[in-house]
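Here are my notes after going through this one. Have the viewer open as you read, and shout if anything looks off.

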Amino acid sequence: MIVQFSVGKLIISPFEVQVRLENGCQLYAMVDDIKFHQDALMLVADAGAVRWNLKLDSIEQLQDIKQELGIA
């Protein structure tokens, strides 16, 4: 699944989330390391020593991603 958002796109597979930003930066995280903060529309990757977060554009994007990953 590919989700376009204001500064790039997310590529979601059953095992990994890739973020490709318009400036050429790419972020990767395993699905097990992904969390969501619904009120803030944030996707957070936390793998211990490596952590990043991404603000999504809409609640619909967040819900689509959660559904694709099978996260309630």
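1. How many of the 5 residues of strand β6 (residues 42-46) are buried? A quick caveat before the reply: we are looking at a predicted model. In it, 4 of those 5 residues are buried, so β6 is largely enclosed by the rest of the structure. Buried here means under 20% relative accessible area.

2. Now for what sits alongside β6. On one side there's strand β5 (residues 34-37), which pairs with β6 in the antiparallel sense over 4 bridges. For a landmark, look at H37, which stands opposite M42 in β6. The two strands make a hairpin with 4 residues between them, and L41 in that turn has a positive phi of about 55°.

3. β6 also pairs with β7, again in the antiparallel sense, this time over 5 bridges. V44 is a handy place to check the register: its bridge partner in β7 is N53. This hairpin has 4 residues between the strands too, and here G48 takes the positive phi, near 85°. If you're checking backbone torsions, I'd have a look at L41 and G48.

4. R51 belongs to β7, which covers residues 51-55. Is R51 buried or exposed? R51 counts as exposed because its relative accessibility is 57%, the cut-off being over 50%. Leaving aside neighbours within four places in sequence, R51 is in contact with V44, A45 and D46. Its C-alpha atom is 9.2 Å from that of A29, a residue 22 places away along the chain.

5. Next, the core. In soluble globular proteins, nonpolar side chains tend to be buried together. The largest nonpolar core here has 18 residues, with L10 and I65 touching the most other members. Elements giving two or more residues to this core are β1 (2-5), β2 (8-12), β3 (16-21), β5, β6, β7 and α1. The top contributor is α1, with 3 residues. As for I65, beyond its neighbours within four places in sequence, it is in contact with V3, L10, I12, F36, L43 and L56.

6. Last one, and probably the bit you'll want to poke at: K66, in helix α1 (residues 59-69). K66 is buried yet has no salt bridge. What is the nearest side chain of opposite charge, and how far away? That would be D39, at 9.4 Å. The K66 side chain does have a polar contact with the side chain of Q38, at 3.2 Å.

Methods:
Residues numbered from 1 in each chain as written. Predicted model: local features only at pLDDT ≥ 70, side-chain atom pairs only at ≥ 80, totals over all residues. Heavy atoms only, no water. Buried < 20%, exposed > 50% of the residue type's maximum accessible area, 1.4 Å probe, protein only. Contact = heavy atoms within 4.5 Å. Lys, Arg positive; Asp, Glu negative; His and termini not counted. Salt bridge = Lys/Arg side-chain N within 4 Å of Asp/Glu carboxyl O. Polar contact = N/O pair within 3.5 Å; in protein donor to acceptor, adjacent residues only side chain to side chain. Pairing = 2+ DSSP bridges. Core = buried A, V, L, I, M, F, W, Y, C linked by side-chain atoms within 4.5 Å.
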